[in-house]
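This report describes selected features of one structure under short headings. Please consult the sequence and the coordinates shown below while reading.

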Amino acid sequence: MVKDPVSNAAPGAGGAVKSRRNPAADDGTAGSTGDGAQWAAVVARDGSADGQFVYAVRTTGVYCRPSCPSRTARRENVRFFETTHAARAAGFRACKRCRPDAAPLALQQADAVLAACRALEASDSGIALAALAAAAGLSAHHFHRVFKRVTGVTPKAYFRAVQTRRVQSGLPAASSVTEAIYASGYNSAGRFYGSGAAALGMAPLAYRAGGAGQSIAYAVESCSLGQVIVAATARGVCAIELGDAGADLGERLRRRFPKAHFTPGDADFRRHVAQVLAYIEHPQGLLDLPLDVQGTVFQQRVWQALRAIPSGRTISYAELAGAIGRPGAARAVAQACASNPLAVAVPCHRVVRGDGALSGYRWGVERKAELLRREAREIR
Ligand SMILES: [Zn+2]
């Protein structure tokens with residue numbers, strides 16, 4: 001886990017523009033360092049680069065996936081963008097051939113596998129391979145291969161594991177198991193959403209019993225936005241919340257993890273707290289902390305996508321829904337934003353209404369406005 005101090009870049013001295021994590025923060029153009037590799041991927045039509053960036057062609061006004069089969073443009077007319085959102089913001093439109101706004105193929109496949117896992121978990125006697133494949137819209141052979149790549153096991157072995165688990169633990173296995181499986185598939189499929197930085201920690205099986213057996217360090221500090229609580233498990237930061245009264249914040253944490261053992265935290269934890277405090281004052285780039293957060297697959301995906309929004313930018317709920325390949329799910333996206341447990345680290349304050357109005361914020365709309373104002377200041 002790389003820990004960049006976020007407070008070391010003086011405002012105005014390049015600021016977020018120089019952030020290694022967020023080269024798109026300036027004009028949406030990726031930094032020059034990675035251009036060589038990106039151009040090579042475009043020339044090679046490298047499908048494995050899909051989802052990591054898009055390229056736009058000045059002469060056509062269109063942006064594409066690296067693997068787009070259309071004729072390779074001239075290098076001097078090409079610009080690279082970390083996200084399709086940034087490409088659109090710069091005035092380019094999506095290519096109709098490679099459809100860069102659609103979810104990456106790997107992610108579509110992960111979704112299909114996830115649906116199959118759910119079906120298997122809900123079934124009493126298993127489901128024939130042919131039926132699973134048909135539901136996924138793939139041939140039996142292809143589906144079997146994709147399933148095994150994502151989960152590491154065959155559908156048959158997966159169903160056996162589900163049965164074993166039912167017997168052994170009597171767990172309500174469905175959602176937690178699929179999330180565990182999905183989390184493993186997601187890491188290979190979802191790089192687009194991770195923005196190249198430390199991905200959200202995914203600990204699907206933790207927290208099951210309110211934090212039983214877990215040690216959680218936490219601290220409540222004063223900051224210019226009021227009180228802030230930062231809490232972390234051994235894996236990473238699990239809560240950042242803002243409020244008016246520190247006691248309320250502590251109470252909320254204890255309610256969320258009623259069985260955890262709370263500690264004051266070690267030196268590493270103190271450093272994380274200092275990072276959060278510094279970021280609140282000078283929000284630049286990505287708050288790069290190890291994170292440990294539990295959520296549904298959908299919530300995880302929304303939170304990943306939030307971390308891909310450069311500081312100083314805002315996006316609408318509908319655009320965010322499009323960015324995760326779920327156009328039309330703006331309401332569900334708004335709910336996922338509202339349940340984000342990690343203020344500023346998962347920057348849900350960068351989501352606004354379609355008409356630009358600030359809309360709500362879990363920790364108060366005035367704090368949201370102030371965070372956005374500070375980000376705009378850091379970028380100038
Ligand atoms: Zn294209």
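## Helices on the sheet

In this predicted model, helix H10 (residues 267-281) lies across E5, E6 and E7 and runs at about 35° to E5. The sheet beneath this description is open and consists of four strands in the order E7-E6-E5-E8, with mixed pairing. Strand E7 (237-243) and strand E8 (261-263) are its edge strands, each pairing on one side only. On average, and with direction ignored, neighbouring strands of the sheet are turned by 25° against each other.

Strand E5 (residues 215-223) and E8 run parallel and are joined by three bridges. In this region Ile216 stands opposite Phe262 in E8. Helix H9 (residues 246-256) also packs on the sheet, where it touches E5, strand E6 (226-232), E7 and E8. The direction of H9 makes about 145° with that of E7.

## Zinc site

Which residues coordinate the zinc ion? The donors are Cys64 (SG), Cys68 (SG), Cys95 (SG) and Cys98 (SG), at 2.2 to 2.4 Å. Because the four donor atoms subtend angles of 105 to 123° around the zinc ion, the arrangement is tetrahedral. The donor residues are spaced in sequence as C-x3-C-x26-C-x2-C.

Cys68 and Cys95 link distant parts of the chain, 27 residues apart. Cys68 lies in the loop between strand E2 (62-64) and strand E3 (78-81), whereas Cys95 lies in the loop between strand E4 (93-94) and helix H3 (105-122).

## Cysteine burial and disulfides

Both Cys68 and Cys95 are buried. Cys68 counts as buried because its relative accessibility is 1%; Cys223 counts as buried at 16% relative accessibility. With a disulfide taken as a pair of cysteine sulfur atoms within 2.5 Å, the count comes to zero.

Technical notes:
Residues are numbered from 1 along each chain as its sequence is written. This is a predicted model: local features need pLDDT of at least 70, side-chain atom pairs count only at pLDDT 80 or more; totals for chains, interfaces and linings use all residues. Side-chain values use heavy atoms; hydrogens and water are left out. Buried means under 20% relative accessible area, exposed over 50%, partly exposed in between (1.4 Å probe, protein chains only). Donors are N, O and S atoms within 2.8 Å of the metal (3.2 Å for Na, K and Ca); water is not among the atoms, so sites may look incomplete. Four donors count as tetrahedral if all angles lie between 85 and 135 degrees; four count as square planar and six as octahedral if opposite donors are over 155 degrees apart and all others between 65 and 115; anything else is irregular. Helices (H or I, at least four residues) and strands (E, at least two) are DSSP runs, numbered from the N terminus. Two strands pair if DSSP finds at least two bridges between them. Axes are lines fitted to C-alpha atoms, for helices over the stretch in contact, and angles run from 0 to 180 degrees between N-to-C directions. Contact means heavy atoms within 4.5 Å.
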